Amino acid sequence: MDKEMEFKTKGVNYAAIDIGSNAVRLLIKHLEENQKGEVKFSKVLLLRVPLRLGFDVFSKNKISSKRAKNMLRLMKSYSYLMKIYDVKDYRACATSAMRDSKNGPEIIKRIAKETGIQIEIIDGQEEAKIVYNNHVESMEDRKGNYMYVDVGGGSTEINLLSNGQLVCSRSYNIGTVRILNNAVKPEEWERLKGDMNELAQSYPNTNIIGSGGNINKLYRMSEKKDKKNQRFTVASLQQLHNDLKQYSVAERMEKFNLKPDRADVIVPAGDIFLTIAEIIHATYIYVPVIGLADGVIDGIYLRNKWKALANED
């Protein structure tokens, strides 16, 4: 009983490293669990560095030596920060760009050797399930049909939820950085559209739960949003998207106060969300501001809880 009590009364810090096609994030959360088993999560640190690995991978099929060096430097920094914040456990996940990179495994070995950080390249299905598992736990309303859409730089993951139950998880090599590099195959668009049409017929009245930095930013930029329910209409997104499209990247940066690495990808992100929304006839997009890194930390917490209980047995 002592080990279980210790686990439930001592707060711990867990970290997630999300190595995406556009940016690399470090999220550190503090977790407390009371005697009733209720868990409180509080964010300690969130850092986002736009390494933009996808711009190399989707045009050259590998990561350049310059970006590889910067990635190593960043992982060293994240390693030190995890030590400073006394992180008990972590997980580092690499997604679409690293999946496609010829020299990805070589870079991962070097990072492990020089920093101690072990990076896992996860496939699209696992990526989709990680974000799904995280969000389904935080859903207040599980009734009805929802399509969880996570748009990244290299891929888009979708999870269809019906009355709180996972119906299917799909992954598509369609992402903002891929689009900017003209690296999305026409047949991939056709696969996505075909799947969405099929799901729309079987699950009518489906709305979208949006995930990713771009939809979060679009939600904040929208003048017409429902803050109470953390959502805005597809019509509002379309209006904002049309406004953004008419400007160059430089003009978007100035007019909308966007960073360079957001000003270019925000339009293709809107294209992806609006394409899906049109096919499934969605009315709203909910934006809970929960992503892959949050789901990874949930997984770490559960893994450590099971370990503690197994040791007790």
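**Figure 1. Loop residues with positive phi.** Asparagine 257 lies in the loop that joins α11 (249-256) to α12 (260-263), in a model that is predicted. The phi of asparagine 257 is positive, near 55 degrees, although the residue is not glycine. This residue counts as exposed because its relative accessible area is 66%, above the 50% limit used for that class. Glutamine 230, in the loop between α9 (213-221) and β10 (231-233), likewise is a residue other than glycine with a positive phi, near 50 degrees. With a relative accessible area of 36%, glutamine 230 is partly exposed.

**Figure 2. The largest nonpolar core, with a view of methionine 147.** This core holds 40 residues, and those with the most contacts inside it are Met147, Met196, Ile208, Leu244 and Ile276. At least two residues each are supplied by β6 (145-151), β7 (156-162), β8 (165-172), α8 (186-202), α9, α10 (234-245) and α13 (266-280), and the largest share, 10 residues, comes from α13. When neighbours within four places in sequence are left aside, the contacts of methionine 147 include Ile158, Leu160, Met196, Leu199, Ile208, Ile209, Ile276 and Ile280, together with Asn159, Thr206 and Asn207. A second core, separate from this one, has 31 residues, among them Ile17, Leu26, Val57 and Met98. In soluble globular proteins, nonpolar side chains tend to be buried together.

**Figure 3. The packing of α8 against α13.** The axes of these two helices are 8 Å apart and form an angle of about 35 degrees, and α8 passes α13 in a right-handed crossing. On the α8 side the contact is made by Trp189, Leu192, Lys193, Met196, Asn197 and Ala200, which meet Ile272, Thr275, Ile276, Ile279 and Ile280 of α13. Sorted by class, the residues of this contact are eight nonpolar, two polar and one charged.

**Figure 4. The packing of α10 against α13.** Here the helix axes come within 10 Å and cross at roughly 145 degrees, with α10 passing α13 in a left-handed crossing. From α10, the residues Val234, Leu237, Gln238, His241, Leu244 and Lys245 meet Ile266, Val267, Gly270, Asp271, Phe273, Leu274 and Ala277 in α13. The residues of this contact divide into eight nonpolar, three polar and two charged.

**Figure 5. The open sheet of five strands and its edge at β5.** The strands follow the order β3-β2-β1-β4-β5, and their pairing is mixed. The edge strands, β3 (39-49) and β5 (119-121), each pair on one side only, while neighbouring strands are turned by 20 degrees against each other on average, with direction ignored. At the β5 edge, strand β4 (residues 87-94) pairs with β5 in the parallel sense over three bridges, and the bridge partner of cysteine 93 is glutamate 120 in β5.

**Figure 6. Helix α2 and the residue that follows.** Within α2 (residues 53-60), the residues Leu53, Gly54, Asp56, Val57 and Phe58 are buried. The elements against which the buried residues of α2 pack are the strand β1 (12-19) and the helices α3 (65-84), α4 (96-100) and α7 (176-180). Just after α2, asparagine 61 takes a positive phi of about 65 degrees. Val57, one of the buried residues of α2, is also included in the second nonpolar core.

Terms used
Residues are numbered from 1 along each chain as its sequence is written. This is a predicted model: local features need pLDDT of at least 70, side-chain atom pairs count only at pLDDT 80 or more; totals for chains, interfaces and linings use all residues. Side-chain values use heavy atoms; hydrogens and water are left out. Helices (H or I, at least four residues) and strands (E, at least two) are DSSP runs, numbered from the N terminus. Buried means under 20% relative accessible area, exposed over 50%, partly exposed in between (1.4 Å probe, protein chains only). A nonpolar core is a set of buried Ala, Val, Leu, Ile, Met, Phe, Trp, Tyr and Cys residues joined through side-chain atoms within 4.5 Å. Contact means heavy atoms within 4.5 Å. Axes are lines fitted to C-alpha atoms, for helices over the stretch in contact, and angles run from 0 to 180 degrees between N-to-C directions. A crossing is left-handed if the near helix is turned anticlockwise from the far one by less than a right angle, and right-handed if clockwise. Ala, Val, Leu, Ile, Met, Phe, Trp, Tyr, Cys and Pro count as nonpolar, Asp, Glu, Lys and Arg as charged, and the others, Gly among them, as polar. Two strands pair if DSSP finds at least two bridges between them.
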